[in-house]
Amino acid sequence: MSTVLDVVSAVALLVGAAFCLLAAVGLHRFPDVVCRLHAAAKAQTLGVLLILLGTAAQAPAKYAVPLVLVALFQLVTVPVTGQIVGRTAFRTGAVHRPGLVRDELGERLESDPREGGGPRDADAGTGYAQDGGARG
């Protein structure tokens with residue numbers, strides 16, 4: 001039984017570490033905010049959960065509650081943080097809107113009078129202006 005538990009733990013730890021590494025590579029290599037958010041939210045969360053699973057398989061039972069709390073905290077905070085960062089990036093113009101398949105948030109913001117009305121100019125406030133995307 002101990003050998004099976006050791007193998008499951010080792011596989012979970014290695015696969016979790018690989019997902020965390022892939023998330024870091026995705027954050028570095030992906031071209032825009034939306035793709036980077038996807039790498040950060042999906043791959044990193046799965047990697048952390050697998051690492052926690054591998055750790056829980058080897059740790060004494062008294063550490064089960066803190067590990068479960070860390071997993072729950074990760075599952076609750078990552079989607080909320082991703083949503084906030086994504087909406088902020090969209091509103092500040094860091095999202096390349098022509099590259100979106102469907103712009104549901106843009107449609108909602110344009111139709112909601114509380115949000116200040118219409119869409120932004122093509123170059124105003126975006127990270128894709130003539131300055132090469134640099135913000136100052």
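**Figure 1. Close-up of A64 in helix α3 of the predicted model.** A64 has its place in helix α3, the helix that spans residues 64–92. With a relative accessibility of 37%, A64 counts as partly exposed, because a residue is called buried under 20%, exposed over 50%, and partly exposed in between. The view also takes in L52, which is twelve residues away from A64 in sequence, while the C-alpha atoms of this pair are 9.8 Å apart in space.

**Figure 2. Close-up of T45 and T55, two residues of helix α2.** T45 is found in helix α2, and with a relative accessible area of 10% T45 is buried, since this value is under 20%. T55 is likewise found in helix α2, but at 32% relative accessibility T55 counts as partly exposed. Each of these residues can be viewed together with a residue from another part of the sequence. T45 and A23 are 22 residues apart along the chain, and their C-alpha atoms are separated by 9.1 Å. For T55 the partner shown is L13, which lies 42 residues apart from T55 along the chain, with 7.4 Å between the two C-alpha atoms.

**Figure 3. Close-up of the contact between helix α1 and helix α2.** Two packed helices are described by the angle between their axes and by the distance between those axes. Here helix α1 covers residues 2–29 and helix α2 covers residues 33–58, and their axes come within 7 Å of each other and cross at roughly 160°. Because an angle over 145 degrees counts as roughly antiparallel, α1 is described as roughly antiparallel to α2. The crossing in which α1 passes α2 is left-handed. Among the residues that form the contact of α1 with α2, 18 are nonpolar, nine are polar and two are charged.

**Figure 4. Close-up of the second largest pocket and the residues that line it.** Rolling a probe the size of a water molecule over the atoms shows where empty space is left. The second largest pocket holds about 330 Å³ of space, and 15 residues line this pocket, of which V34, L37, Q83, G86 and R87 are the closest to its centre. Helices α2, α3 and α4, the last of these made up of residues 104–111, each supply at least two residues of the lining. Helix α3 gives the most to the lining, with six residues. When the lining is sorted by residue type, eight of its residues are nonpolar, three are polar and four are charged.

**Figure 5. The protein chain as a whole, as a setting for the close-up views.** The secondary structure of the chain comes to four helices and zero strands, so that, in the order of the elements from the N terminus on, the chain reads α-α-α-α. The protein chain has 136 residues, and 22% of them count as buried; T45 of helix α2 is one of the buried residues, whereas A64 of helix α3 counts as partly exposed.

Notes:
Residues numbered from 1 in each chain as written. Predicted model: local features only at pLDDT ≥ 70, side-chain atom pairs only at ≥ 80, totals over all residues. Heavy atoms only, no water. Axes fitted to C-alpha atoms, helices over the stretch in contact; angles between N-to-C directions. Parallel < 35°, antiparallel > 145°, perpendicular 65-115°, else oblique. Left-handed = near helix turned anticlockwise from the far one by under 90°. Nonpolar A, V, L, I, M, F, W, Y, C, P; charged D, E, K, R; others polar. 1 Å grid on protein atoms, 1.4 Å probe; cavity = no way out; pocket = protein on both sides within 12 Å on 5 of 7 lines; lining within 4 Å. Points joined across faces, edges and corners; volume = space filled by probe spheres on them. Buried < 20%, exposed > 50% of the residue type's maximum accessible area, 1.4 Å probe, protein only.
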